[in-house]
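Me: I've got a model open and I'd like to poke at the labels people put on it. Can you take me through the reasoning?

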Amino acid sequence: MKKLLGALAIGLTACLAQAQEWPQKPVTLVVPFPAGGSTDMVARAITPKLAEKLGQPFLVDNKAGATGTIGATQVKRAAADGSSFLVTSLGPLVIAPHLIKGLQYDALKDFDLITVAVQAPNVLVVPANSPHKTVADVIAHEKKNPGKTTFASSGNGSSDHLTAELFWQETGTTGLHVPYKGGAPAITDLLGGQVEASFQNVNAVFQHIKSGKLKALAVTGAKRSPVLPDVPTMAEAGVKNVEVYSWQAIVAPKGLPPAVRTKASEAMVAALNEPAVKQQFNSIGLEVVGNTPAQFASFQKQEFDRWKKVIETGKITID
């Protein structure tokens, strides 16, 4: 009897300790971009499920500015107790460190990695009335007109900008980068024919492709996108080494208690894989990843080194 009571006491103590480790207050998911974008959508899709699973409020806080680094810095400085997480695109974690001097965080050391949430390839699109029907057409045009073919992006150092830079490097061509303040104005001018091409996230332009307002020439994934099955990959179109995914991930301030980190990771991966949430993502071309912290760490390092090389080779700055 004494042994049984002792075992129960130990079990109760462990449960209480674990409960106390998780903060008994609302949890904030900081999104370092304006409301309405892909990253914001990911955060808002999982917050209700996280609240159900963990029994406390989850709030989304948009802290936009400086290509996502303002929000990232805020989370880096937050208490490492499970009350603050960063839901971000790849920019602040693997691109901004190579472009912004005096960054207030070390992307490889100052965060506890939770999971890569979703990913999607980019897609090379042109206006509906463009004479270009294939990737080969674009390359031929660029070779005849070096540095003149206009490529819109959502901003300097964005995934769509760097995909264009990688495309030029791998095809031996040059174009004219036209940066906008966000994806929406870039897409608007692309639709209007003010710019000739763009590498946009599949989910951002999927509806415009389906409606015939934009032509999709190739996707940058390892395989064709389920929502664009008739569109070839870059490799199928004859361009190798332009395999690019835009992705959103979740990180926390460095130093989370192990039990909190495990609990957060399991809850967030489960929320991402809820059937209704997964269907919401898949319907617009986003693929749920939901990997482990260790897998995320390996992936981040690969992406960090890759974009560093592209930026250095292209002598890219954001000035």
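Reply: Sure, starting with a term we'll need: a residue lines a pocket if it has an atom within 4 Å of one of the pocket's grid points. By that rule the second largest pocket has 13 lining residues, with Pro121, Ser225, Pro226, Gly285 and Glu287 nearest its centre. Bear in mind that this is a predicted model.

Me: What makes up the lining of that second largest pocket, by class?

Reply: Five nonpolar, five polar and three charged residues. Gly counts as polar and Pro as nonpolar here, so Gly285 goes in the polar group and Pro121 and Pro226 in the nonpolar one. Strand 4 (residues 111-127) gives the largest share of the lining, three residues. The space inside comes to about 210 Å³.

Me: And what is in the largest pocket?

Reply: About 1,100 Å³ of space. It has 44 lining residues, and the closest to the centre are Phe33, Ser154, Ser158, Gly182 and Gly183. Elements giving two or more residues to the lining include helix 2 (38-54), helix 6 (159-171), strand 7 (197-201) and strand 9 (245-253). By class, the lining has 19 nonpolar, 22 polar and three charged residues.

Me: How do you know which parts of the model to trust, going by pLDDT?

Reply: The chain averages a pLDDT of 92, and 93% of the residues score at least 70. Residues 7-19 are another matter: pLDDT stays under 50 there, and the model has one contact beyond four places in sequence for that stretch. Where pLDDT is low, the predicted coordinates should not be read in detail.

Me: Why is Ser89 called buried?

Reply: Its relative accessibility is 12%, and buried means under 20%, so Ser89 qualifies. Ser89 lies in strand 3 (residues 84-89). Setting aside neighbours within four places in sequence, Ser89 touches Phe33, Thr39, Trp247 and Gln248.

Me: Why does Lys76 get the label "partly exposed"?

Reply: Lys76 has a relative accessible area of 30%. Buried would need a value under 20% and exposed one over 50%, so Lys76 falls in between. Lys76 is in helix 3 (residues 69-77), where Thr69, Gly71, Ala72, Thr73 and Val75 are buried. The buried residues of that helix pack against several elements, among them strand 1 (27-31), helix 4 and strand 9.

Me: Which residues does Lys76 contact beyond its sequence neighbours?

Reply: Gln104, Tyr105, Asp110, Phe111 and Pro253. Pro253 is 177 residues from Lys76 along the chain, yet their C-alpha atoms are separated by 4.9 Å.

Me: What makes Trp247 and Phe296 an edge-to-face pair?

Reply: Two tests. The ring centres are 6.3 Å apart, and the limit for a pair is 6.5 Å. The planes meet at 85°, and anything over 60 counts as edge-to-face, so both labels hold. This pair links distant parts of the chain, since Trp247 is in strand 9 and Phe296 in helix 11 (residues 293-313), 49 residues apart. Both Trp247 and Phe296 are buried. The rule gives seven aromatic pairs, and one aromatic cluster is formed by Phe151, Phe167, Trp168 and Phe199.

Me: Why does Ile311 count as buried?

Reply: Its relative accessible area is 4%, against a cut-off of 20%, so Ile311 is buried. Ile311 is found in helix 11, and its contacts beyond four places in sequence are Ile95, His98, Leu99, Leu162 and Ile316. Ile95 is 216 residues away in sequence, with 8.5 Å between the C-alpha atoms.

Me: What is the phi of Asn241, and is Asn241 buried or exposed?

Reply: Phi of Asn241 is near 65°, a positive value in a residue other than glycine. Most residues other than glycine have a negative phi. Asn241 sits in the loop between strand 8 (214-219) and strand 9. Its relative accessibility is 57%, and exposed means over 50%, so Asn241 is exposed.

Me: What about Lys315?

Reply: Lys315 has a positive phi of about 50° although it is not a glycine. Lys315 lies in the segment after helix 11. At 71% relative accessibility, Lys315 is over the 50% line, so it counts as exposed.

Technical notes: Residues are numbered from 1 along each chain as its sequence is written. This is a predicted model: local features need pLDDT of at least 70, side-chain atom pairs count only at pLDDT 80 or more; totals for chains, interfaces and linings use all residues. Side-chain values use heavy atoms; hydrogens and water are left out. On a 1 Å grid over the protein atoms alone, a cavity is a set of points where a 1.4 Å probe fits but cannot get out, and a pocket is an open set with protein on both sides within 12 Å along at least five of seven lines; lining residues have an atom within 4 Å of a point. Grid points are joined across faces, edges and corners, and a volume is the space filled by probe spheres set on the points. Helices (H or I, at least four residues) and strands (E, at least two) are DSSP runs, numbered from the N terminus. Buried means under 20% relative accessible area, exposed over 50%, partly exposed in between (1.4 Å probe, protein chains only). Contact means heavy atoms within 4.5 Å. pLDDT is the predictor's confidence in each residue, from 0 to 100. Rings of Phe, Tyr and Trp (its six-membered ring) pair if their centres lie within 6.5 Å; planes under 30 degrees apart count as stacked, over 60 as edge-to-face and the rest as tilted.
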